Amino acid sequence: MIKGLRKPIIMLWECIRMSFANIMSNRIRSFLTVLGILIGVMAVIALITTVSGFSGTLSSSFQSMGAGTLSVSVSGSDLKEGMTTADLDELTLMNEIDGITPNVSLNTRVSRGGSYESAVSISGKNSYYFLRNKDVVSRGRQLNIVDEENSSFVCLINQDMVDAFFFGVDPIGQQILIDGVPFLVVGLISEEGDGSIASLMSGSADILIPYTTGMKMNNTNTVTSFTVYLSEGTDSEGASSAIEEKMDIMFSYEEDCFTITTMSSIEETMESMLSMVSTLLAGIASIALLVGGIGIMNMMLTTVTERTMEIGLKKAVGAVSWQIQMQFLIESFLLSLIGGLLGVVLGLALSFLLCQVMEMTFVISSGAIFLGVGFSAAVGIIFGWAPARKASKLNPIDALRAM
Amino acid sequence: MTDEKAFFQMTNINKSYPMGDEQAHILKNICLSLRRGEYLSVLGPSGSGKSTLMNIIGCLDTASSGEYILQGRRISDLTDGELANLRSQEIGFVFQNSQLLPRLNALKNVELPLIYAGVSPGERKRRATEILCRVGLSDRLHHYPNQLSGGQQQRVAIARALVGNPSILLADEPTGALDQKTGRQVMALFEELNQEGRTIIMITHDMNIAAYAHRVVHIIDGELTEGGDAAHD
């Protein structure tokens with residue numbers, strides 16, 4: 001058994017050694033040949049690693065953001081255009097729900113003295129919102145239940161509004177006109193924002209007012225968008241279907257009246273988009289691998305022609321066809337493997353730099369390395385096959401006559 | 001009838017190649033037998049079919065018809081793999097231009113046939129060194145072909161042919177690329193090798209070179225005629 005294996009092992013080892021010697025004896029040509037593979041693998045690795053670092057960063061920020069909340073947007077039916085305050089109160093009574101923040105948005109003109117801003121984004125909130133997002137107010141007071149019940153004309157403004165209207169003046173206690181109606185500024189919104197799904201999708205509001213005031217200004221008595229804060233330990237999928245059931249009753253089972261968005265559904269959408277993008281990019285990058293493979297094939301065909309004498313001689317001294325084929329196959333395999341390994345190293349270095357610049361977590365993806373090395377080795381074997389076959393089929397007499 | 005146990009026997013060997021619409025009849029009814037230890041030269045002008053004959057003797061090519069027995073084995077029965085094995089064990093080739101691999105040094109060039117015979121690295125080196133010393137190149141083991149003279153290169157090629165300890169040394173115009181003096185040295189080496197008991201077949205178009213052999217056959221237009229024993233015997 002061992003004796004039977006000895007000869008092939010010696011052969012294989014000699015093939016590898018001779019191939020390596022051939023590659024090294026023609027360093028510049030070998031390097032230029034593997035450049036295609038190198039660039040292809042480098043691009044694939046850099047793309048995969050960077051995209052996976054990006055999605056890692058994204059999903060961790062998603063998790064810190066919207067854990068335990070659902071976002072509901074209501075399009076309404078002919079009979080019922082949105083949720084009334086009573087509907088919201090009814091939902092709030094559910095076990096799964098801790099509280100609800102309506103989201104009444106306006107886009108209107110804001111002015112003070114001689115200056116104005118058009119199309120300022122204004123959002124109506126309730127007092128529960130401030131209970132859950134204590135960091136939203138950086139100075140002054142929150143909007144409270146009294147403001148809400150009286151639909152008072154008070155507001156919180158962000159730094160942009162301060163810059164626009166209160167240069168050198170403390171805004172708190174001053175008035176601004178929202179759609180021509182005077183509002184008292186009672187506090188400032190912090191830069192951080194609330195980190196909710198709603199603000200993630202539509203950007204943070206410049207001005208916060210009581211939602212009841214917002215409804216009045218919108219001439220409506222319904223809410224079309226609200227955020228649900230789930231009770232401690234509630235599964236968001238389960239809560240989502242419970243709310244859906246309840247709201248189906250409210251909308252008399254008309255279809256497409258509302259959509260409930262959970263954080264995980266957004267994350268899934270994002271991730272599938274990212275993976276689509278990365279697949280596309282990797283697909284483009286693998287064209288470089290294909291081109292590199294053709295380069296290797298070309299070089300191997302040239303080599304076979306150049307080394308006709310060597311092939312003939314080896315056959316004359318006892319080499320069998322498969323040994324010749326093996327030698328050339330190993331040579332192209334080694335060539336592209338070297339290119340692949342260099343590509344992996346450079347690709348990782350490149351993506352490390354990219355992650356540093358873009359402030360993302362750098363994760364070495366073993367899958368990407370495996371893919372890069374495996375792909376280049378496969379390219380070597382596939383594109384080396386034809387030249388190796390050509391070499392092995394050379395008639396020793398013709399090969400020797402070429403001398 | 002052919003002798004199944006024969007060392008070297010060719011009976012009615014024919015070889016033809018398709019050439020356009022016709023068959024070119026290169027070898028015609030070649031009959032040749034050889035005893036162990038003989039020194040034969042095949043003399044013929046170019047185009048006489050001597051290269052084709054050499055390829056058939058060297059098991060690089062097979063005959064169209066006829067029977068060739070080498071070391072008691074019928075060549076036409078063998079597969080490509082068995083032919084390769086037979087070449088590595090029974091035939092040592094010496095070509096006109098020594099045909100050394102330029103990227104390997106003398107030692108590695110001589111080791112080449114042993115690699116395909118599956119000999120271990122240590123044993124290869126020992127045997128290659130021994131045979132290179134035998135042909136007088138003990139101080140040139142690690143030289144590359146381009147660092148060797150033509151005569152030295154041909155000695156390396158002869159060492160490579162001998163290293164597998166073949167039954168026949170098959171030389172194709174072994175002095176063709178050498179000047180007269182170096183040619184004579186190579187011939188002297190052949191003579192010594194024959195004295196040691198090796199069988200040599202030398203193919204040449206040069207009468208002077210052919211005369212070094214102990215037996216000369218002529219090949220003209222694919223037909224072989226016995227030229228009688230030269231000089232010795």
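**Buried, exposed and in between**

Me: Why does A:Arg307 count as buried?
Reply: Happy to go through it. A:Arg307 has a relative accessibility of 7%, and buried means under 20%, so A:Arg307 earns the label. Do keep in mind that this is a predicted model.

Me: Where is A:Arg307 found, and what is A:Arg307 in contact with?
Reply: A:Arg307 sits in the loop between helix H10 (263-306) and H11 of chain A. Setting aside neighbours within four places in sequence, its contacts are A:Asn22, A:Gln327, A:Phe328 and A:Glu331, plus B:Arg103 from chain B. Contact here means heavy atoms within 4.5 Å.

Me: H11 of chain A came up there. Which elements are included in what covers the buried residues of H2(B)?
Reply: Helix H11 (308-316) of chain A is among them, together with four strands of chain B: S4 (65-70), S5 (73-74), S6 (91-94) and S7 (168-172). The buried residues in question, on helix H2 (residues 80-90) of chain B, are B:Leu83, B:Ala84, B:Leu86, B:Arg87, B:Ser88 and B:Glu90.

Me: Why does A:Glu255 count as exposed?
Reply: The relative accessibility of A:Glu255 is 70%. Exposed means over 50%, so A:Glu255 qualifies. A:Glu255 belongs to the loop between helix H9 (236-250) and strand S11 (258-262) of chain A.

Me: Which residues gather in the patch of negative charge on the surface?
Reply: A:Glu255 is one of them, and the others are A:Asp78, A:Glu254 and A:Asp256. Asp and Glu count as negative, so the charge of this patch follows from its members.

Me: Why does A:Ala164 count as partly exposed?
Reply: A:Ala164 has 28% relative accessibility. Buried would need under 20% and exposed over 50%, so A:Ala164 falls in between. A:Ala164 lies in helix H6 (residues 159-165) of chain A.

Me: What does A:Ala164 touch, not counting residues up to four places away in sequence?
Reply: With those left out, A:Ala164 touches A:Ser115 and A:Glu117. As for A:Tyr116, 48 residues separate it from A:Ala164 in sequence, while the C-alpha to C-alpha distance is 8.0 Å.

Me: Why does A:Leu32 count as exposed?
Reply: A:Leu32 has a relative accessibility of 55%, and the cut-off is over 50%, so A:Leu32 is exposed. A:Leu32 lies in helix H2 of chain A.

Me: What makes the nonpolar surface patch of about 420 Å²?
Reply: A:Leu32 joins A:Ile28, A:Phe31 and A:Leu342 in making that patch. Helix H2 (residues 27-66) of chain A gives the most to the patch, with three residues.

Note on methods: Residues numbered from 1 in each chain as written. Chains lettered and ligands numbered in written order. Predicted model: local features only at pLDDT ≥ 70, side-chain atom pairs only at ≥ 80, totals over all residues. Heavy atoms only, no water. Patch = residues over 30% accessible without salt bridge, like charges linked within 9 Å, V, L, I, M, F, W, Y side chains within 5 Å. Areas by Shrake-Rupley, 256 points an atom, 1.4 Å probe, with all protein chains shown as cover. Salt bridge = Lys/Arg side-chain N within 4 Å of Asp/Glu carboxyl O. Charge placed at Lys NZ, Arg CZ, Asp CG, Glu CD. Helix = DSSP H or I, 4+ residues; strand = E, 2+ residues; numbered from the N terminus. Buried < 20%, exposed > 50% of the residue type's maximum accessible area, 1.4 Å probe, protein only.
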